[in-house]
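Reader: I am new to this structure and would like to learn how to read it. Could you walk me through some of its features, one at a time?

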Amino acid sequence: MKISVLGLGIIGSAWAKNLIADGHDVRCWNRTPKDFPNFHASIQEAVEGAEVIFIVVADPPAVQSVLDQIQARLLPGALVIQSSTISAKWTQLFAEQVQRTGALYLEAPFTGSKPAAEQRQTVYYLGGEPEVVEKARPILEPISSAIFHIGSIGSASTLKLAMNMNIAGVAQSLCESLTMCRAAGIPDDVYFAALTRNASRSGVSDLKEPKLRQRDYTPQFSLKHMAKDLRLALETAAELSVSLEQTVHLNKIYARGMAAGWSDDDFIGLMRLLDNNQKNEVT
């Protein structure tokens, strides 16, 4: 198929390479030019004649910018797969904008960081009409390990934000518990060996264990993107009249990490705030 991938960040790049390997005619675009196969500097050229368009950018303003630039080029019946993590409110607005052109809109947020995307292990949460979901399956199934149709437009975005809230909370608890053990002189080998046989072991702890051991904060999922997701989750909760006290506190911790200049690092890099606190207490 003729596919456009708009946004060549960590995930978009991996998907684009896999779609090319699957034999699709893939054209790529990124706001910042990249040395990448089939790259087009013009977003309009990148979507010309496209049957499927993936949007994988940072936040609602970035999605809005992309749609405003490509709206006039969307073909009737073309499928826009919007995979940026945004909120239900924005999803519904973007769906209306796309559908006015005669194109189809599918919200497709996902879970799985860089390794999962590269290894075709992405898990998609889909929101939209059943017939639109079925049209997307032949494209999404080869680059994913699971697809969940959550419900109508907006439902998948809310679920995705809820999942990321959970990941951020688990990661912070992991960092704090590890910091306490290190301060008590308990070796990392002992800590992680105990964790593997504890009910609190998780996919997050398995994924981040090597990074925490090596103090490697290169991004699998960046701090700035998780911070954005927490902000959108709190906005969504307010719209639903739900109180999220722990997430409110966690959002403040993320703001400290951003202020420290770690926005492009992996979100597990917030461990450095705890390291710094411990050093300050010692001195």
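Reader: Is serine 155 buried, partly exposed or exposed, and what decides that?

Author: This is a predicted model, so every value here is computed from predicted atoms. A residue counts as buried under 20% relative accessible area and as exposed over 50%. Serine 155 has a relative accessible area of 22%, so the residue is partly exposed. Its place is in helix H7, residues 155–183.

Reader: Which residues does serine 155 touch, leaving out those up to four places away in sequence?

Author: Serine 155 touches Glu107, Gly127 and Ile150. Take glutamate 107: 48 residues separate it from serine 155 in sequence, and the C-alpha atoms are 8.9 Å apart in space. For contrast, try another pair. Glutamate 129 and alanine 194 are 65 residues apart in sequence, with 46 Å between their C-alpha atoms. Glutamate 129 is in the loop between E7 and H6 and is partly exposed, at 48% relative accessible area.

Reader: What span should the 29 residues of H7 have, at 1.5 Å a residue?

Author: They should span 42 Å; the end C-alpha atoms of H7 are 43 Å apart, which agrees. You can repeat the check on helix H1, residues 10–21: its 12 residues should span 16 Å, and its end C-alpha atoms are 17 Å apart, which agrees as well.

Reader: What comes just after H7?

Author: Glycine 185, with a positive phi of about 85 degrees. H1 is likewise followed by a glycine, number 23, whose positive phi is near 95 degrees.

Reader: Which residues have a positive phi although they are not glycine?

Author: Start with the general idea: most residues other than glycine have a negative phi. Here, arginine 120 has a positive phi of about 60 degrees, and arginine 215 has one of about 50 degrees. Arginine 120 is in the loop between helix H5 (114–118) and E7, while arginine 215 is in the loop between helix H9 (203–214) and H10. Both are partly exposed, arginine 120 with a relative accessible area of 22% and arginine 215 with 47%.

Reader: Where do the buried residues of H3 fall, seen down its axis?

Author: An α-helix has 3.6 residues a turn, so residues three or four places apart point the same way. In helix H3, residues 60–70, the buried residues are Pro60, Ala62, Val63, Val66, Leu67 and Ile70. Down the axis of H3 they fall within an arc of 160 degrees, so they line one face of the helix.

Reader: Which residues of H1 are buried?

Author: In H1 they are Ile11, Gly12, Ser13, Ala14, Trp15, Ala16, Asn18 and Leu19. Keep an eye on Trp15 as we turn to ring pairs.

Reader: How many aromatic pairs are there?

Author: Rings pair if their centres lie within 6.5 Å, and the count comes to seven aromatic pairs. In one of them, the rings of tryptophan 15 and phenylalanine 110 have centres 4.8 Å apart and planes at 70 degrees, so this pair is edge-to-face. It links distant parts of the chain, 95 residues apart: tryptophan 15 is in helix H1 and phenylalanine 110 in strand E6. Both residues are buried. Ring pairs also link Trp15, Phe54, Phe110 and Tyr124 into a cluster.

Reader: Which charged end sits over the ring of phenylalanine 110?

Author: That of lysine 160, at 5.5 Å from the ring centre. Elsewhere, arginine 272 lies over the face of tryptophan 262, 4.2 Å from the centre of the ring.

Reader: How many residues does the largest nonpolar core have?

Author: It has 29, and those with the most contacts inside it are Val5, Trp15, Phe54, Ile81, Leu106, Tyr124 and Leu140. Among the elements that give two or more residues to this core are H1, strand E1 (2–6) and helix H6 (130–140). A second, separate core has 26 residues, including Cys181, Leu212, Ala227 and Leu250.

Reader: Which residues does isoleucine 81 touch, again leaving out those up to four places away?

Author: Isoleucine 81 touches Val52, Ile53, Phe54, Ile55, Leu106, Ala108, Ala136 and Leu140.

Reader: Is threonine 236 buried or exposed?

Author: Threonine 236 is buried, with a relative accessible area of 9%. This residue is found in helix H10, residues 223–239. With the same sequence neighbours left out, threonine 236 touches Ser87, Thr158 and Leu161.

Notes:
Residues numbered from 1 in each chain as written. Predicted model: local features only at pLDDT ≥ 70, side-chain atom pairs only at ≥ 80, totals over all residues. Heavy atoms only, no water. Buried < 20%, exposed > 50% of the residue type's maximum accessible area, 1.4 Å probe, protein only. Helix = DSSP H or I, 4+ residues; strand = E, 2+ residues; numbered from the N terminus. Arc of directions from axis to C-beta. Expected span 1.5 Å × (residues − 1). Phe/Tyr/Trp six-rings, centres within 6.5 Å; stacked < 30°, edge-to-face > 60°. Lys NZ or Arg CZ within 6 Å of the ring centre and 35° of its normal. Contact = heavy atoms within 4.5 Å. Core = buried A, V, L, I, M, F, W, Y, C linked by side-chain atoms within 4.5 Å.
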